[in-house]
Amino acid sequence: MITTGTTRVVGIFGDPIEHSLSPVIQNAAFAAAGLDYTYVPFHVIPKDLAAAVQSIRALDLAGVNITIPHKEAVLPLIDQVDDVAEEIGAVNTIINRKGRLVGYNTDGVGYLLSLRDELGFTPRGKNIVIIGAGGAARAIFYTTLLDAPASVVVANRTPERAKALIDEFSPRFPEVAVSSAGLGPGLSGYAASADLVVNTTSLGMMGAGEVPLPFDALSRSAIVSDIVYKPLETPLITQAEELGLRTHKGLGMLIRQGAVGFELWTGRAAPVEIMRMAAMAALGLTDERPDKGMHE
Ligand code: ATR
């Protein structure tokens, strides 16, 4: 696709920005959809965030993604924040509606769409264990609560942080049994009935430690999910696969949250499998699934 005078520009603001996979994923999607759009990374340091947001209007960008460390700081700088993003307290996608900047959070919904598409899993009526209580956990916890699970346990190294998270959200969802736990043996009590266990921490990334999950206590029908995608096969995923459990790897959330952004900016259905293949290629991986490329 050649950039011309009519090309619509979408950006991503972050610090650092050079490792982002979003430009590769989004540009592959724009090309596959035959859209006159381009996606550009911008290295925006915190002191320049307000000026960068103003430039979305000045330069008439179609929209932007917002990544670390700006997801919370950007809220007061835009014109409207969607309800889910407001509750999560973080925006990762902005659409420019004729100079009016509207912010969304596609992390939680992207995660759940990926689980639904890849494994047919939806939270409704299920027992869910979320490991971690940081920004990613917050997005996944809140969007999961919206889908009426039977129970959610938030387990974190610092249990007080998990407790603070559930105290904030759970009063609005009295029909969901919500509890907090530490990462130690206390988690075993919840593992047996868990339908889904998801790691939202950085544990399992290259150089980080492993998620201390009591695999012995897990039900054979549980899904083990990891939002870490570098490496794609984290120790958590490998162990779960060795035990014959169903697994859900981290790339799905990245692709799906990007797909939601693509649909917001362009109004077109996202070519999800093209986006997945572009991400896999950028990570130096090949897609071994038998049905690759069949779901456009
Ligand atoms: P993010 O926005 O990516 O979720 P974050 O807000 O910094 O990042 O949260 C990081 C999460 O990973 C937290 O749940 C953190 O646990 P603490 O609240 O106890 O800090 C968890 N985490 C990071 N490193 C960890 C480690 N070595 N062991 C256990 N949990 C870890």
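The following dialogue examines how several labels used for this predicted model are justified.

Trainee: Why is T200 called buried?

Mentor: T200 has a relative accessible area of 10%. Buried means under 20%, so T200 meets the definition with its 10%. T200 is placed in the loop between strand 10 (196-199) and strand 11 (223-226).

Trainee: What makes the approach of the T200 side chain to the backbone oxygen of I131 a polar contact?

Mentor: The side chain of T200 reaches that oxygen of I131 at 2.7 Å. The cut-off for such a pair of N or O atoms is 3.5 Å, and 2.7 Å falls within 3.5 Å.

Trainee: Is D107 buried or partly exposed, and how do you know?

Mentor: D107 has a relative accessibility of 11%. Because buried means under 20%, D107 counts as buried. D107 belongs to helix 4 (residues 107-119), and its side chain makes a polar contact of 3.1 Å with the side chain of N92.

Trainee: Why is G89 called partly exposed?

Mentor: Partly exposed covers the range between the buried limit of 20% and the exposed limit of 50%. The relative accessible area of G89 is 22%, so G89 is partly exposed. G89 sits in the loop between helix 3 (83-88) and strand 5 (93-97). Its C-alpha atom is separated by 28 Å from that of T38, 51 residues apart along the chain.

Trainee: What makes the phi angle of D60 worth noting, and which accessibility class does D60 fall in?

Mentor: Phi of D60 is near 50°, a positive value in a residue other than glycine. At 43% relative accessibility D60 is partly exposed, because exposed would require over 50%. D60 lies in the loop between helix 2 (49-58) and strand 3 (63-66).

Trainee: What is the phi angle of A148, and why is A148 called partly exposed?

Mentor: A148 also has a positive phi, near 55°, and is a residue other than glycine. Its relative accessibility is 24%, which lies between 20% and 50%, so A148 counts as partly exposed. A148 is found in the loop between helix 5 (135-146) and strand 8 (151-155).

Trainee: How do you know that the ligand has polar contacts with the protein?

Mentor: A polar side-chain atom of T158 lies 2.4 Å from an oxygen atom of the ligand, and a backbone N or O atom of A136 lies 3.1 Å from a ligand oxygen. A polar backbone atom of G135 is likewise 3.1 Å from an oxygen atom of the ligand. The protein covers 65% of the 640 Å² of accessible area that the ligand has on its own. The cut-off is 3.5 Å, so the distance of 2.4 Å for T158 qualifies, as does 3.1 Å for A136.

Trainee: Which residues surround the ligand, and what classes do they represent?

Mentor: There are 13 residues around the ligand, of which A133, N156, R157, T158 and R161 come nearest. The shell divides into four nonpolar, seven polar and two charged residues.

Trainee: What makes a space in this structure a cavity, and how many are found?

Mentor: A cavity is a set of points where a 1.4 Å probe fits but cannot get out. Two cavities of 30 Å³ or more are found in the whole structure. The largest has a volume of about 40 Å³, and S22, I25, Q26, N65, L254, Q257 and G258 line it. Helix 1 (22-32) and helix 9 (251-266) each give two or more residues to that lining.

Technical notes
Residues are numbered from 1 along each chain as its sequence is written. This is a predicted model: local features need pLDDT of at least 70, side-chain atom pairs count only at pLDDT 80 or more; totals for chains, interfaces and linings use all residues. Side-chain values use heavy atoms; hydrogens and water are left out. A residue is near a molecule or strand if one of its heavy atoms lies within 4 Å of it. A polar contact is a pair of N or O atoms within 3.5 Å; within protein, one must be able to donate a hydrogen and the other to accept it, and residues adjacent in sequence count only if both atoms are side-chain atoms. Accessible areas come from the Shrake-Rupley method with a 1.4 Å probe; for residues, only the protein chains shown count as cover. Ala, Val, Leu, Ile, Met, Phe, Trp, Tyr, Cys and Pro count as nonpolar, Asp, Glu, Lys and Arg as charged, and the others, Gly among them, as polar. On a 1 Å grid over the protein atoms alone, a cavity is a set of points where a 1.4 Å probe fits but cannot get out, and a pocket is an open set with protein on both sides within 12 Å along at least five of seven lines; lining residues have an atom within 4 Å of a point. Grid points are joined across faces, edges and corners, and a volume is the space filled by probe spheres set on the points. Helices (H or I, at least four residues) and strands (E, at least two) are DSSP runs, numbered from the N terminus. Buried means under 20% relative accessible area, exposed over 50%, partly exposed in between (1.4 Å probe, protein chains only).
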